[in-house]
Amino acid sequence: MALERYSLKLPRAVLGGEDALGRIPEILARAGAEKVGAFTDKGLVKLGLFGLVERQLAASGLSWEVFDDLPAEPTYTDVQKVVDRFRASGADFIVACGGGSVMDAAKLASVLLTDEYGVKELLDDPLRAQKRASLLAIPTTAGTGAECTPNAIVGVPERKLKIGIVNDALISDYVILDVEMIRNLPRPIAAATGVDALCHAIECFTSNKANPMSDSFALEAFDLIMNSIERACDDPAALGEKNRMQLAAFYGGVAITASGTTGVHALSYPLGGMYHIAHGVSNAMLLVPVMEFNEPACRARFARAWDRAYHGGERLATDEEKSRALVAWMGRIVEHLGIPTSLTGFGVSRGDLDDLVDASMQVTRLLVNNMREITADDARAIYERIM
Ligand SMILES: NC(=O)c1ccc[n+]([C@@H]2O[C@H](COP(=O)([O-])OP(=O)(O)OC[C@H]3O[C@@H](n4cnc5c(N)ncnc54)[C@H](O)[C@@H]3O)[C@@H](O)[C@H]2O)c1
Ligand SMILES: [Zn+2]
């Protein structure tokens, strides 16, 4: 019997727990940084969250320059503009404080201190990317897992898609998980980004690329999220649950690195690319329809996920019962969190279905991971369910 192959690639150091942000000066000193390029967004500056990071940059005694003019879910040209300014700054170390949008732009900056290629060239040939500056990622959502994945996702308007640039050089060098960064996350953002992490966990666990290494991280992430997400979103004081969401989002990112997402993410990218629906929101809409479609092919794995995450008193006997109960449970969570479950209100009309289906069929990188083949007709039927 051939042994299953796997590989695990991780940041060099992950620091969390009490006063994790206080470790920034030590990281910068050890890395020999001279000038920091600090990536964030204007909302986080206004909220004072970036200020917590800036205080540590000041304590490090280094100079820094702030790059905060990036829109949420940026296009590749948005990212290139910020990167051009970053290159002119002379900074040699990057600190990214933000959600997936900020972290992905910063990750691209870390491989773009060069004249040889820009973001556009990396879209065509991601393997050209080589790390030129070390990067510390501090996520403020929980989350994309972008703090540890080799992916950077940018909008490509001319292809009506969001596209993931994937290269191991995009894995952050250092990660800080500090619960202060998500303590006051507004409920709608906590809910959508939390469901994104849930999708990472269950998709990676039921991916054709799943393997023993990704399974460990995906199952742990899944258990943590299914049992923490509602309180983490509902109760501002639930720091324990918020901390578990932060860990789970990271584990979900590790699972992506070792495995890969599947149908939900594949069908979600056109909704982000064409209608600018937030990544977590489009995933939340698609989660249950895609999981119901996948259920016959993923039954044994869904039953395993149920056994791992369900800690209540109900006893289910068969894989089929567990698998169905699991999908229904995910549905109740999405409903409880109040994330929109339909495209109504996002300007999508039935006349757009052909374009959506065509765009989704281009996401072959993820479609091949889905255990049940998704044809164009299947994709259309799934989109119709959320019209
Ligand atoms: N690289 C990867 O592996 C990966 C994985 C999944 C998604 N993504 C990408 O990440 C992006 C989405 O990232 P996201 O979901 O983290 O959201 P985001 O970074 O787009 O942020 C959404 C909004 O939330 C605000 N925000 C962030 N943290 C906050 C906080 N603590 N308090 C208050 N407001 C806060 C931001 O200012 C912004 O307005 C998409 O582009 C998606 O495609 C990347
Ligand atoms: Zn995602």
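Which of the 27 residues around ligand 1 come nearest? In this predicted model, the residues that come nearest to ligand 1 are Gly100, Ser101, Thr140, Thr141 and Thr149. Three of these residues place a nitrogen or oxygen atom at a short listed distance from the ligand, as follows: for Gly100 a backbone N or O atom lies 2.8 Å from an oxygen atom of ligand 1, whereas for Ser101 a polar side-chain atom lies 2.6 Å from an oxygen atom of the ligand. In the case of Thr149, an N or O atom of the side chain is 2.6 Å from an oxygen atom of ligand 1. The ligand taken alone exposes 860 Å², of which 90% is buried by the protein.

The second site holds the zinc ion (ligand 2), whose protein donors are the OD atom of Asp196 and the NE2 atoms of His200, His265 and His279, lying 2.1 Å from the ion. The angles among the four donor atoms run from 86 to 168°, and the site is accordingly classed as irregular; a tetrahedral assignment would require all angles to lie between 85 and 135 degrees. Along the sequence, the donor residues follow the spacing D-x3-H-x64-H-x13-H. Because His265 belongs to helix α10 (residues 263-275) and His279 to helix α11 (residues 279-309), this pair of donors ties together parts of the chain that are 14 residues apart in sequence. With respect to solvent accessibility, His265 and His279 are both buried, that is, each has under 20% relative accessible area.

Key:
Residues numbered from 1 in each chain as written. Chains lettered and ligands numbered in written order. Predicted model: local features only at pLDDT ≥ 70, side-chain atom pairs only at ≥ 80, totals over all residues. Heavy atoms only, no water. Donors = N, O, S within 2.8 Å, 3.2 Å for Na, K, Ca; no water. Tetrahedral: all angles 85-135°; square planar, octahedral: opposite > 155°, others 65-115°. Helix = DSSP H or I, 4+ residues; strand = E, 2+ residues; numbered from the N terminus. Buried < 20%, exposed > 50% of the residue type's maximum accessible area, 1.4 Å probe, protein only. Near = heavy atom within 4 Å. Polar contact = N/O pair within 3.5 Å; in protein donor to acceptor, adjacent residues only side chain to side chain. Areas by Shrake-Rupley, 256 points an atom, 1.4 Å probe, with all protein chains shown as cover.
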